[in-house]
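I opened a new notebook page for this one and kept my entries short. Have a look at the model first, then follow along.

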Amino acid sequence: MNLDDIQQMYESYTLMYNRGEISAAEYKDLLEGIEISKVIAEDAIELEYKEQLNTIIRTAIGVVAAVA
Amino acid sequence: MNHLKNLLLALLLSSSLTGCALWDAYFMAGYDSGEYTLVTKVRTEAEYALEKCSSPTEVRAIIDVMYFEANTLHNYTQHIPNNEDAKKLAKNLKELVYKTRELYYNGKDPSEAYCKAKLTLVAKNAENVQKVLGSKPR
């Protein structure tokens, strides 16, 4: 899930609320859920970046070790 | 050999990383099947509960189990060294499930529309977390 998905969810929840399909309390809970999702998405990107960096470092060390 | 050393140095410098970021990445906690199993359970339970949205009683029972699993995941990640990122993800996933559970125990049964929207959100977030936990270095 990326930040575009989160934007789409916000629009979808607002539409549901305006149509009366969900209550104010449910709408509030879904919006709070979006806030948490945003933090999860950002933290996931950070961990993914670290994983890629780990691969680069280990590959580079492997190459140098093989040649040395 | 010198060429390779220069290449490695250039690679690291060009990415404008601090020594701390390199250290964190190099020593980060590796893939853990316990973590991966628990987040997979949370996702599967959310997807299963989605099929039961017409019955709040059944959803409530599944959410209880889901919250237990999310809480276990958070506790599991807590004392693994160099695992701060996984811990943060687990904490927020637990929070998302906790808030859903709270609404289900607030007296009035939540609507089917809310159930579908919220459980889709939980499932997608669990999948997101599953993806990165599954990609941790072996």
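Here are my entries, from one chain to the shared core and then to the contact between the chains.

**Entry 1: chain B.** A reminder to myself before anything else: this is a predicted model. I looked up the secondary structure of chain B and found six helices and zero strands. Read from the N terminus, the order is α-α-α-α-α-α. I then checked burial, and 35% of the 138 residues in chain B are buried. Next came the contacts in chain B with a separation of 6 or more: residues 24 or more positions apart make up 75% of them.

**Entry 2: the largest nonpolar core.** Which residues touch the most other members of this core? I got B:Val42, B:Ala46, B:Leu93, B:Val122, B:Ala126 and B:Val129, out of 37 residues in the core. I also asked which elements give two or more residues to it. From chain A they are α1 (3-18) and α2 (24-67), and from chain B they are α3 (33-50), α4 (56-78), α5 (84-104) and α6 (112-134). The biggest giver is α6(B), with eleven residues. As background, nonpolar side chains in soluble globular proteins tend to be buried together.

**Entry 3: one core residue.** I picked B:Val42 and listed its contacts, leaving out neighbours within four places in sequence. The list holds B:Met66, B:Glu69, B:Ala70, B:Leu73, B:Leu93, B:Val97 and B:Ala126. Two of the names, B:Leu93 and B:Ala126, are familiar from the core entry above.

**Entry 4: where the chains touch.** How many residues does each chain bring to the contact? Chain A brings 34 and chain B brings 34. On the side of chain A, the elements giving two or more residues are α1 and α2. The largest share there belongs to α2(A), with 26 residues. By class, I noted 20 nonpolar, five polar and nine charged residues on that side.

**Entry 5: α2(A) against α6(B).** I looked up how this helix pair packs: the angle is about 10° and the axes are 10 Å apart. Angles under 35 degrees count as roughly parallel, so α2(A) is roughly parallel to α6(B). From α2(A), the residues in the contact include A:Leu30, A:Gly33, A:Ile40, A:Ala44 and A:Leu47. They meet a set in α6(B) that includes B:Tyr114, B:Leu121, B:Asn125, B:Val129 and B:Val132. Charged residues take part too, among them A:Glu26, A:Asp29 and B:Lys118. My tally for this helix pair is ten nonpolar, four polar and four charged residues.

Definitions and conventions
Residues numbered from 1 in each chain as written. Chains lettered and ligands numbered in written order. Predicted model: local features only at pLDDT ≥ 70, side-chain atom pairs only at ≥ 80, totals over all residues. Helix = DSSP H or I, 4+ residues; strand = E, 2+ residues; numbered from the N terminus. Buried ≥ 20, exposed ≤ 12 C-beta atoms within 10 Å, placed from the backbone. Contact = placed C-beta atoms within 7 Å. Core = buried A, V, L, I, M, F, W, Y, C linked by C-beta atoms within 7 Å. Axes fitted to C-alpha atoms, helices over the stretch in contact; angles between N-to-C directions. Parallel < 35°, antiparallel > 145°, perpendicular 65-115°, else oblique.
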